[in-house]
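Student: Could we go through this structure together, so that I learn how each label is earned?
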Amino acid sequence: MGASLALAERTRGLTAPNPNVGCVIVADNVVVARGWTQAGGRPHAEAMALEQAGARAAGATAYVTLEPCAHVSSRGPACSDLLVAAGVARVVVSHRDPDPRTNGQGIDRLRAAGIVVDTGVREHDAARVMAGFTTRRSHARPFVTLKLALSLDGAAAMADGRSQWITGAEARAHAHIERARHEAILVGRGTWEADRPQLDVRLPGLEQRSPERVVLSSQSIDGVRTIARPAEIAGLTGDHLLIEGGARTAAAFLAADLVDRLLLYRAPVIVGGGRTLPDIGLTDLMHAHGRWRLTDARALGSDRLEVYERG
């Protein structure tokens, strides 16, 4: 299942409205096929893996990060039907599909055909990998990641507003990888007008994965999409939104409780008198504890990245 989860990560941010799913088929203790949801949502992971496995799928075990779909669409057959037709003996499912067209029906169809089905294997990990898909269905909005580049004393910019560059080249390259994993990237109007950021992906081989640019502004701006308030992110078509600047925009999303994940890039510099996040509506420090859970930490050159998710 770990391999299936890794495969599912390959097209995160490219498959909406379909989920990014991974599938590994094992026969006689040997991996005979791998599949993952392709860009645009089709083929599905199971279809890709079954085509690769061919006749070797008969009697094999399929490890899938999401319950195989049960509905037929104009774009392709139901994956639960494909697994039955291929003659697999066992399917290991990590996460149940929240889509009402499948929810439980895919598993029931497999079992009705005599296939052994195990569920809940690394379910929490699958929920994290497919967070955009599950957030859209549970909260009717994209999964929101907030990126903050900070000095050791917590400054997001110098007193005059300049913030280029707090972090070094390695941290900025990592931020471009994150951009490539999101369908949309958002900044505040002040950041847009002051810096005119490109907000694209400038890593060799990933240039075509630049996200849609969105500006938080009550006035429309030529060349980019605008929304007037954080709640309007529900209207974005993608399942993953990256917020990159500035401090007031970050505070607005935190105050609205619309942030699911934090990327903190901390540089070994002290600014002194710099700009920090404005008020987010916190009235008691006790309310702040337990809100965020550290899920990753690593060095990026001389900087340090910390990743937090909702506690």
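Tutor: What follows is a short exchange on burial, salt bridges, a surface patch and a sheet. This is a predicted model, in which local features need pLDDT of at least 70 and side-chain atom pairs count only at pLDDT 80 or more, while totals for chains, interfaces and linings use all residues. Residues are numbered from 1 along each chain as its sequence is written, and side-chain values use heavy atoms, with hydrogens and water left out.

Student: Why is Arg-181 called buried?
Tutor: Buried means under 20% relative accessible area, exposed means over 50%, and partly exposed is in between, using a 1.4 Å probe and protein chains only. Arg-181 has a relative accessible area of 18%, so it counts as buried. This residue sits in the loop between helix 7 (169-180) and strand 7 (184-188).

Student: What does Arg-181 touch, not counting residues up to four places away in sequence?
Tutor: With contact meaning heavy atoms within 4.5 Å, Arg-181 touches Glu-9, Arg-12, Gly-13, Arg-209 and His-240.

Student: What makes Arg-101 and Asp-99 a salt bridge?
Tutor: A salt bridge needs a side-chain nitrogen of Lys or Arg within 4 Å of a carboxyl oxygen of Asp or Glu. The N to O distance between Arg-101 and Asp-99 is 2.8 Å, so the pair meets that definition. Of these partners, Asp-99 is buried at 9% relative accessible area, whereas Arg-101 is partly exposed at 47%.

Student: How do you know that Arg-225 and Glu-212 form a salt bridge?
Tutor: Their N to O distance is 3.9 Å, which lies within the 4 Å limit, and therefore the pair counts. Arg-225 lies in strand 9 (residues 225-227) and Glu-212 in strand 8 (residues 212-216), so the pair ties together parts that are 13 residues apart in sequence. A search of the whole structure finds 22 salt bridges.

Student: Why is Leu-282 called partly exposed?
Tutor: Its relative accessibility is 41%, which falls between the cut-offs for buried and exposed, so Leu-282 is partly exposed. Together with Ile-280 and Leu-285, Leu-282 makes a nonpolar surface patch of about 280 Å².

Student: What makes strand 2 (30-36) an edge strand?
Tutor: Five strands form an open sheet in the order 2-1-3-4-5, with mixed pairing, and strand 2 pairs on one side only, as does strand 5 (116-119). Two strands pair if DSSP finds at least two bridges between them; strand 1 (residues 22-27) and strand 3 (residues 61-66), which run antiparallel, are joined by four bridges and therefore pair.

Technical notes
Helix = DSSP H or I, 4+ residues; strand = E, 2+ residues; numbered from the N terminus. Patch = residues over 30% accessible without salt bridge, like charges linked within 9 Å, V, L, I, M, F, W, Y side chains within 5 Å. Areas by Shrake-Rupley, 256 points an atom, 1.4 Å probe, with all protein chains shown as cover.
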